[in-house]
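User: Hello! I would like to learn how to read a structure like this one, feature by feature. Could we start with a salt bridge?

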Amino acid sequence: MPTRRPVTVTVTGAGGQIGYALLFRIASGQLLGPDTPVRLNLLEIPLGLRAAEGTALELIDGAFPLLDSVDVTDSARTAFDGAGVALLVGARPRTAGMERADLLEANAAIFGPQGRAINEHAASDVRVLVVGNPANTNALIASSHAPDVPAERFTAMTRLDHNRAVAQLAIKAEVPVTAVDGVIVWGNHSATQYPDVSHATVDGRPAREIVDERWLEEVFVPTVARRGAEIIQVRGASSAASAANAAIDHVYDWVNGTGDRFTSAGVTTGGVNAEAAASYGLPDGLICSLPVRSSRGEWQIVTGLDADPVAHAHIEASVAELLDEREAVRALGHLPG
Ligand code: NAX
């Protein structure tokens, strides 16, 4: 029997493919644990409403003991009302002929208003995970429109990249994924991200004693960074179930803690994180993937994991891309200051 009060979980883009892979797992208790009932609020644009409504019917048909209610709306205000967790999955994809500025502009038009709605209507302890791409910059836009919500409550998903890196290392070392710890994904959720095994261990042994530099640079890094494109090529559609799985992992760990192990998440480099982010030479005011642990419901950046010169160059390039995206959004008038 559930022992806690229901938590409102808002999922945007609920009628899409990640939404379909995500919602049943939330309803079954995998997002917040077996004691917490959920109220699902599904947000869609008018074009996606029927798909979300169909999914809502199937959610009802699941007779999930933890599913308190499911509502579908195209109103951000209604969807974020009382939200304790907000999963921002819906975004404007890049279409043929679209320049980067057009993409950023189209997404700013989504994530700015959603940030404002979160600011005005969500629960005071809301946790936000942005999945929709460009995830880091979309999270920054949403956060900048929610001045009353602490910046550390807005995060971007790089857990799929992290999970991919863990899995590739485990396959190479011929061990179960549980034997791998300490992998880090640095930077942007894009092809410039840097999956780093410098501090990783395999069954307690440094990963670098097990795999060679050439494999890392020529196989591991490109495989992880371009895995999304590989999935599209092989499956004929972009990652959905693995992305939903990563979103579940991210929020579950955020709420329930990671213990001594660490993982990767796109978190603010400002506010309470400013000092830790600065210890890696990162500028304030970005959402950047970093090594993190969670305890007592808060992400903390793991410090003291210094990057070697190769890693450093990769991280700098990814951070430069984040800065570029931020400047482009600012030039379009979608960031204050
Ligand atoms: P789909 O196109 O299947 O679904 C997106 C849904 O969002 C559609 O139903 C659409 O109607 C809805 N939507 C669009 N604008 C909306 C708005 N303003 N409010 C509410 N709903 C809105 O895409 P899907 O495969 O589900 O992917 C969703 C997003 O996740 C994409 O931006 C994708 O690039 C991104 N991804 C991010 C990943 C990550 O690791 N951060 C990995 C997977 C995925 O590529």
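Analyst: Happy to! Here the side chains of Glu 298 and Arg 153 meet in a salt bridge, with 3.2 Å from N to O. A salt bridge needs a side-chain nitrogen of Lys or Arg within 4 Å of a carboxyl oxygen of Asp or Glu, so the pair Glu 298 and Arg 153, at 3.2 Å, qualifies. Please keep in mind that this is a predicted model.

User: Which domains does the assignment give for the protein chain?

Analyst: The assignment gives domain 1, covering 7-156, and domain 2, covering 159-327. Taken over C-alpha atoms, their centres are 23 Å apart. In the contact, domain 1 takes part with 30 residues and domain 2 with 37 residues. The count of salt bridges between the two domains is one.

User: How many residue pairs are in polar contact across the interface of domain 1 and domain 2?

Analyst: The rule finds eleven such pairs across the interface, both residues being at pLDDT 80 or more. Several elements give two or more residues to the side of domain 1 that touches domain 2, among them α1 (17-27), α4 (100-121) and α5 (135-144). The largest share, six residues, comes from α1. By type, that side of domain 1 divides into 18 nonpolar, seven polar and five charged residues.

User: And what is the area buried between domain 1 and domain 2?

Analyst: Buried area is what two parts lose in accessible area on being put together, summed over both. For domain 1 and domain 2 this is about 2700 Å², and carbon and sulfur atoms give 62% of it. On the domain 1 side, Arg 127, Asn 136 and Glu 152 supply 22% of the area buried against domain 2, more than any other three residues.

User: Now the ligand: which residues come nearest?

Analyst: There are 22 residues around the ligand, and Gln 17, Ile 18, Glu 44, Val 131 and Asn 133 come nearest. For polar atoms, look at each pair in turn. A backbone N or O atom of Gly 16 is 3.4 Å from a ligand oxygen, while a backbone N or O atom of Met 157 is 3.2 Å from a ligand nitrogen. His 189 uses a polar side-chain atom, 3.3 Å from an oxygen of the ligand.

User: Is the peptide bond from Asn 133 to Pro 134 cis or trans?

Analyst: Omega is the angle to read, and here it is near -5°, making this bond cis. Pro 134 sits in the loop between β5 and α5. For phi, turn to Ala 63: its value is near 45°, positive in a residue other than glycine. Ala 63 is in the loop between α2 (49-61) and β3 (67-73).

Notes. Residues numbered from 1 in each chain as written. Predicted model: local features only at pLDDT ≥ 70, side-chain atom pairs only at ≥ 80, totals over all residues. Heavy atoms only, no water. Domains from an automatic or database assignment. Contact = heavy atoms within 4.5 Å. Buried area = accessible area lost by both parts, 1.4 Å probe. Polar contact = N/O pair within 3.5 Å; in protein donor to acceptor, adjacent residues only side chain to side chain. Helix = DSSP H or I, 4+ residues; strand = E, 2+ residues; numbered from the N terminus. Nonpolar A, V, L, I, M, F, W, Y, C, P; charged D, E, K, R; others polar. Near = heavy atom within 4 Å.
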